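User: I would like a close look at one part of this protein, namely a beta-sheet together with the helices that pack on it. Please set that part in the context of the chain and its other sheet, and comment on the cysteines as well.

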Amino acid sequence: LTMSLPITITITITFLVVAGLIIPSVHSLSNSKPNFQDIVSKMRADLPQPKQASPSVSSSNIDYASPPSCVAQEARSLNLFSTTPLIYSAPLSRLCHPHPVYLKLDLLQPSGSFKDRGMAHLCTTVQKMHNSASNSDTADRMKVISSSGGNAGLAVTTVARNIPQMDVSVIVPETTKPLVVEKLRSLGAEVTIHGKNWNAADALARQWVDDAKKSGGGAVYVSPYDNPLLWTGHSTVIDEIITQLLEQSFDQATTQTNNMKIGAVLASVGGGGLLCGILEGVERNYHGSNEIRSNLVRGTKVVACETEGAASFAASFNSDDGSIVCLDGIHSIATSLGATSVTPAVIQRSRRHRDRGDISSSGDEVMSFVCTDGEAVQGCVQFASDHRMLVEPACGASLAPLYSDRLRAKLLDQLNDNEDSVIVVEVCGGSGVNLDLLKGWKESFLEK
């Protein structure tokens, strides 16, 4: 789709209102806000009506009306993130027989991780809001301030440097690898190292934004994971996976498309942004108007992968009272998973996905898999050997359920009701890795 800037602005704002999204972490840069209510009200009536979910399953935050090609369309049209390859893995398919295994290679995003998706959609959206609120004929410079263990900072910096009039400050914790800090600075970010963990760095980022507002300056806080705009951007990975699986099934002429099922999608969880996006993408396609796409994700099990010592999702998801559990710290080599608590939205969406499976008896489920640091490193090492690509342990956590004998048996047991279903791993990437680091991890965890 090609659309003019005014139309794009209108559609973006319409999406936010119609879909019921809120943007709690985006601070306005001006007290002067354009009133789009009349435009939104007029266009709302023209939107196609989606198929409705069960009354017991809330779906207020998901946009079913927009076709997949329209989600984060502005960011995609500006090439701020890439459509990454989905490849068949022969080594992993042998391990997981009879389930074919596919790898979604988001490590090939420009910054090195999946986070480009969400950051691209967020940055283009807040820039439009900023420009619309400006009284001048030309866009003012704006600054985004983010806290990050590394990958989110690299993503927002990579995206922002390709958006005119946008500057970036990134605050990273002391645990951030020097390799990542050097990359951030080389991309043009203003980098500050602060605090023993991400939470301390994040508190400073929020304080800077508040100080800028009080002094009359313009700054926007960008969370590394807790913003609906990020989740919608991340949801494009599911749209692509479905399209690519369907294309491959037609090309190979070996699979009955209407019988193809995604049995499981595996993804690492830190603060929950990626998992929120995956669940949003599954739900959007499940309730969308395309029956083939809907059938592909009906019964999908979403596997949330973490390491011991950073398993904040598992702690909250498995809590008896449904409360958000805050860890006392991060005690894992997978520092990119270093959020001591997850966004409440990821628990709500996970339970909604599970409840839909219970209501429809379709098998939809969210499963929490927690691996050891050694199993995460084993995933990185074996993945490098099998596929000649490097990922950091945070990503190795999503490979561990396939490479670890212990976890693979558990996963395959959950998929025994559909032996022909495919397994998809979101290879989320991460830039905190090189050959020397991988060698060191291997020596520390696998060669003791």
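Analyst: The account below begins with the chain, turns to the parallel sheet and its helices, and then treats the second sheet and the cysteines.

The model is a predicted one. Its chain contains 17 helices and 10 strands. Of the 448 residues in the chain, 58% are buried. Among contacts between residues at least 6 apart in sequence, 75% join residues at least 24 apart.

The part chosen for the close look is an open sheet of four strands, ordered S5-S4-S3-S6 and paired in parallel fashion. Its edges are formed by strand S5 (190-193) and strand S6 (220-222), each of which pairs on one side only. From one strand to the next, the twist averages 20°. Within this sheet, strand S3 (residues 142-147) is joined to strand S4 (residues 166-172) by six bridges in the parallel sense. Valine 144 stands opposite valine 168 of S4.

Two helices accompany this sheet. Helix H5 (residues 116-133) lies across S3, S4 and S6 and runs at about 145° to S3. Helix H6 (residues 151-160) also packs on the sheet, where it touches S3, S4 and S6, and its direction makes about 170° with that of S4. The two helices meet each other as well: the axes of H5 and H6 come within 9 Å and cross at roughly 50°. H5 is therefore oblique to H6, and the crossing of H5 and H6 is right-handed. On the H5 side, the contact involves Asp116, Met119, Ala120 and Cys123, which meet Ala152, Ala155, Val156, Thr158 and Val159 of H6.

The other sheet is open too, but it has six strands in the order S1-S2-S10-S7-S8-S9, with mixed pairing. Strand S1 (86-88) and S9 are its edge strands, each pairing on one side only. Neighbouring strands of this sheet are turned by 25° against each other on average, direction ignored. At the S1 end, three bridges join S1 to strand S2 (residues 101-105), and these two strands run antiparallel. Isoleucine 87 has leucine 103 in S2 as its bridge partner. Helix H14 (residues 373-387) packs on this sheet and touches S1, S2, S8, S9 and strand S10 (422-427); the direction of H14 makes about 95° with that of S9.

At the S9 end, the pairing is between strand S8 (residues 301-307) and S9, in the parallel sense and over seven bridges. Threonine 307 stands opposite cysteine 371 in S9. Although S9 is an edge strand, five of the seven residues of strand S9 (residues 365-371) are buried, so S9 is largely enclosed by the rest of the structure.

As to the cysteines, a search of the whole structure finds zero disulfides. For cysteine 380, the closest cysteine sulfur belongs to cysteine 395 and is 6.8 Å away, which is too far for a bond. Cysteine 428 is likewise in no disulfide; the nearest cysteine sulfur, again that of cysteine 395, is 3.9 Å away, whereas the cut-off for a disulfide is 2.5 Å. Cysteine 380 is buried, with a relative accessible area of 1%, and cysteine 428 is buried as well, with a relative accessible area of 7%.

Key:
Residues are numbered from 1 along each chain as its sequence is written. This is a predicted model: local features need pLDDT of at least 70, side-chain atom pairs count only at pLDDT 80 or more; totals for chains, interfaces and linings use all residues. Side-chain values use heavy atoms; hydrogens and water are left out. Buried means under 20% relative accessible area, exposed over 50%, partly exposed in between (1.4 Å probe, protein chains only). Two strands pair if DSSP finds at least two bridges between them. Axes are lines fitted to C-alpha atoms, for helices over the stretch in contact, and angles run from 0 to 180 degrees between N-to-C directions. Contact means heavy atoms within 4.5 Å. Angles under 35 degrees count as roughly parallel, over 145 as roughly antiparallel, 65 to 115 as roughly perpendicular and the rest as oblique. A crossing is left-handed if the near helix is turned anticlockwise from the far one by less than a right angle, and right-handed if clockwise.
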